[in-house]
Amino acid sequence: MQIIAKTFHGLEEVLAKEIKAIGGKNVQVLKRAISYEGDQKLLYRSVYELRTALRILKPFYSFKTKHENHLYKKIKEFDWVNQFNLDQTFAINAATASKYLNHSQYLALKAKDAIVDSFREVYDRQRPSIEKINPDFRINLHLSFDNICTLAWDASGESLYKRGYRVEVLEAPINEVLAAGMILESGWQKDCALIDPMCGSGTILTEAALYAHNIPPQIQRKQFGFMKWKDFDRELWETVKREAEERMVKCEVPILGFDKDFRAVKASTKNIFAAELEGAIEIEKIAIEDLELAEEKAIVITNPPYDERMALDDVTAFYKDLGYVIKDKLAGYTLWMISSNGKALKQLGLKPNARKVLYNGPLKCEYNCYELFKSGKKG
Ligand SMILES: C[S@@+](CC[C@H](N)C(=O)[O-])C[C@H]1O[C@@H](n2cnc3c(N)ncnc32)[C@H](O)[C@@H]1O
């Protein structure tokens, strides 16, 4: 079967690598998504094990269309009544790149009408209900720029960034999928310490520990979209979970988090506990300027305030001072930093060795790598 994994802009390559590693065939990089082929087991594995996927979709119906009435007719023709029952709820998520039908909300409405009308004809005007928050079935409608409309079942249910461990958040938390992507993008080989000196609610650290121990990112989640499908194979699903758990490993590398704000220490401690990772991560309340790190080798991945969701009095001065502190306190380490404030990043006075554009929600960010040499002169 064809499978589509959706992700954030900029994470396509790391997601493609993850998919290949679990056996995806014919892997093709699309815009904010990867298309690949696999069987039912790979579909379940994708939902359970991919760290950088937001949603896993299974396309089931496609046709060419340029007109709303034609779209309605084609969708109504599909055999909906054998896919789900009257008493089950559904939701439609639409996206379009077509110049003919360019209003995604309207397409979702048309598709919904077509589906409920096909039920009404069979069940004497009775129809299934729409449920936006927690539907039994999520249907994804995608209309491409060349007017191919594809309908896909959403195997994930709620978005996969909802891992289930984040019980407390502060201002400006980073998305879990983005944090996992930043770790994979950094190329961390789990052979040295991983440090986040401005850890907030601890998302980067938690994702790092899950990755280090090869723990499936969805180990806490109990509900996924595919569980409502008629072909749900519980035995296969139990096998997928058991095999993933057998692949978990012990990893002794230090994963260290710091923050100057006591609330951040409290929130990250709670989240780490919820993720059952206590003992795998150490958190301390300390400002970056006061850090005294003993690690010989480390990779530092961090998400400082950008002056967007977390306000700063003087963003230029903050980044300028941060630059001095980094050269002093993190010398000898590799630093990866994400920020939406490109101007402020320049104030660090560091030359990136690598740059990448990522999105933190709607915010376009630079994700830069700095090699911080011991002399403090280069980097
Ligand atoms: C954008 S938040 C980090 C969010 C985090 N990645 C998460 O997922 O929750 C930035 C964090 O930097 C911390 N911070 C700001 N200045 C700091 C400093 N000088 N030393 C240590 N932490 C600092 C703030 O307290 C805040 O928790």
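## A first walk around the structure

The shell around the ligand has 13 nonpolar, 4 polar and 4 charged residues. In that count, Ala, Val, Leu, Ile, Met, Phe, Trp, Tyr, Cys and Pro are nonpolar, Asp, Glu, Lys and Arg are charged, and the others, Gly among them, are polar. Which of the 21 residues around the ligand come nearest? They are P173, M198, G200, S201 and T203. To belong to this group, a residue needs its C-beta atom, placed from the backbone, within 6 Å of the molecule.

Before going on, keep in mind that this is a predicted model: local features need pLDDT of at least 70, side-chain atom pairs count only at pLDDT 80 or more, and totals for chains, interfaces and linings use all residues. Residue numbers start from 1 along each chain as its sequence is written.

**The overall build**

The protein holds 10 helices and 14 strands. These are DSSP runs numbered from the N terminus, with at least four residues for a helix (H or I) and at least two for a strand (E). The C-alpha trace spans about 75 × 45 × 40 Å along its principal axes. A compact globule of 379 residues would have a radius of gyration near 21 Å, and the protein's 23 Å agrees with that. The rule behind this is 2.2 Å times the number of residues to the power 0.38, with the radius taken over C-alpha atoms.

Of the 379 residues, 42% count as buried. Buried means that 20 or more other C-beta atoms lie within 10 Å of the residue's own; 12 or fewer makes it exposed, anything in between partly exposed, and the C-beta atoms are placed from the backbone. Among contacts with a separation of 6 or more, 77% link residues 24 or more positions apart. A contact here is a pair of C-beta atoms, placed from the backbone, within 7 Å.

**One sheet, from β2 to β5**

Strands of a sheet pair through backbone hydrogen bonds, either parallel or antiparallel. In this model, two strands pair if DSSP finds at least two bridges between them. Angles come from lines fitted to C-alpha atoms (for helices, over the stretch in contact) and run from 0 to 180 degrees between N-to-C directions.

Seven strands, 7 in an open sheet with mixed pairing, follow the order β2-β3-β1-β4-β7-β6-β5. At the edges stand β2 (25–30) and β5 (90–96), each with a single partner strand, so one side of each has no neighbour in the sheet. Ignoring direction, neighbouring strands here are turned by 30 degrees against each other on average.

Here are some strand pairs, including one from the other sheet:

| Pair | Sense | Bridges |
|---|---|---|
| β5 and β6 (residues 137–143) | parallel | 7 bridges |
| β1 (residues 2–6) and β3 | antiparallel | 5 bridges |
| β2 and β3 | antiparallel | 4 bridges |
| β13 and β14 (residues 363–371) | antiparallel | 7 bridges |

Looking at the β5 side, I92 has I139 in β6 as its bridge partner. Helix α4 (residues 104–122) packs on the sheet there, touching β5 and β6, and its direction makes about 140 degrees with that of β5.

At the β2 end, β2 and β3 make a hairpin with 2 residues between them, and R32 in the turn has a positive phi of about 55 degrees. V29 has I34 in β3 as its bridge partner, while I3 stands opposite Y36 in β3. In a regular strand the side chains alternate between the two faces of the sheet. Strand β3 (residues 33–37) shows it: I34 and Y36 point to one face and are buried, whereas A33, S35 and E37 point to the other and are not.

**The other sheet, from β10 to β13**

This open sheet also has 7 strands and mixed pairing, in the order β10-β9-β8-β11-β12-β14-β13. Its edges are β10 (282–285) and β13 (354–360); each has a single partner strand, so one side of each is left without a neighbour. The average turn between neighbouring strands is 20 degrees, direction ignored. L358 stands opposite C365 in β14. Helix α8 (residues 262–274) lies across β9 (255–259) and β10, at about 160 degrees to β10.

**Three loop residues**

Buried or exposed: what is E292, in the loop between β10 and β11 (298–302)? E292 is exposed, because it has 6 C-beta neighbours inside 10 Å. E292 and L330 are 38 residues apart in sequence, yet their C-alpha atoms are 9.1 Å apart in space.

Most residues other than glycine have a negative phi. R125, in the loop between α4 and β6, has a positive phi of about 70 degrees. R125 counts as exposed with 8 C-beta neighbours inside 10 Å. N214 sits in the loop between α6 (203–212) and α7 (234–246) and has a positive phi of about 55 degrees. With 16 C-beta neighbours inside 10 Å, N214 counts as partly exposed.

Terms used. Contact = placed C-beta atoms within 7 Å.
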